[in-house]
Amino acid sequence: MSERIRVACVQLTSRADKAANLERAEALVARAASAGADVVVLPEKWNGIGGADVLYELAEPLDGGESVGAMAGWARRHGITLVGGSITERREGRDKLSNTCVVFDADGDVAAVYRKIHLFDVEVGGHVYRESEAEEPGDEAVLAHALDEWPLGLTVCYDLRFPELFRILALEGARIVTVPANFTLYTGRDHWELLLRARAVENQLFVAAAAQVGETAPGRLSYGRSL
């Protein structure tokens with residue numbers, strides 16, 4: 001692997017229609033690969049967004065799941081490293097779901113699995129967000145070694161506000177940290193670019209942040225501006 005790589009961030013307006021989300025993501029991953037991307041990063045919950053009922057309906061296991069199978073095929077077909085943003089994972093024996101990022105190497109094999117540690121439970125812009133209603137937090141910082149010279153540190157969205165996680169990943173050898181996200185319009189305007197730059201500068205590494213944009217659910221606006 002070269003000392004220089006090309007990274008593409010896919011920006012989407014995902015909603016509750018999984019089939020439509022998969023179709024759109026597949027086209028954009030192919031477009032990024034055709035433009036020479038070595039690494040493609042999808043946004044948070046790229047295959048489906050909605051309330052707790054929607055998430056339970058769309059959730060799937062990693063083994064045999066439709067979205068995981070699709071991502072493995074895209075990575076293999078295009079010969080890219082694919083950071084699968086995040087999907088809502090159903091795990092056997094657990095009542096709650098996980099917000100899970102799966103990374104695939106250029107052969108389509110799973111290189112790493114990270115489950116979002118910090119859940120977004122806030123009230124902002126007149127809306128209440130309670131990820132813990134349907135999801136449980138992960139408990140492990142994860143580095144993906146899909147590229148020999150470019151260890152990838154994995155985070156998801158709200159993790160961005162916790163510099164300790166980024167520091168751990170940097171100390172473990174990350175050269176890039178990926179931040180698939182669905183930042184709200186209200187918090188994004190004030191904090192998105194500021195925090196991404198801060199995490200990059202304080203750890204002296206690259207950050208690749210793929211975002212949702214627009215109205216992903218009725219009245220809920222996402223900031224976009226992938227960086």
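Trainee: What covers the buried residues of helix 5 in this predicted model?

Mentor: The cover includes strand 7 (121-124), helix 4, strand 12 (206-208) and strand 14 (220-223), and a residue counts as part of such cover when heavy atoms lie within 4.5 Å.

Trainee: Which residues of helix 5 are called buried, and what makes them so?

Mentor: They are Thr 187, Gly 188, Trp 192, Leu 195, Leu 196, Arg 199, Ala 200 and Asn 203, and the word applies because each has under 20% relative accessible area. In general, residues three or four places apart in an α-helix point the same way, because there are 3.6 residues a turn.

Trainee: What span is expected of helix 5, and where is its kink centred?

Mentor: With 19 residues, helix 5 reaches 26 Å from its first C-alpha to its last, close to the 27 Å expected at 1.5 Å a residue. There is nevertheless a kink of about 50°, centred on His 191, and that angle is taken between axes fitted to the seven residues ending at a residue and the seven starting there. After the helix comes Gln 204, whose phi is positive, near 55°.

Trainee: Why is the set that includes Trp 192 called a nonpolar core?

Mentor: The name fits because its members are buried residues of kinds such as Val, Leu and Trp, joined through side-chain atoms within 4.5 Å. This largest core has 38 residues, of which Val 83, Val 103, Leu 154, Leu 160 and Trp 192 touch the most other members. Helix 4 gives the largest share, four residues.

Definitions and conventions. Residues are numbered from 1 along each chain as its sequence is written. This is a predicted model: local features need pLDDT of at least 70, side-chain atom pairs count only at pLDDT 80 or more; totals for chains, interfaces and linings use all residues. Side-chain values use heavy atoms; hydrogens and water are left out. Buried means under 20% relative accessible area, exposed over 50%, partly exposed in between (1.4 Å probe, protein chains only). Helices (H or I, at least four residues) and strands (E, at least two) are DSSP runs, numbered from the N terminus. The expected span of a helix is 1.5 Å times one less than its number of residues.
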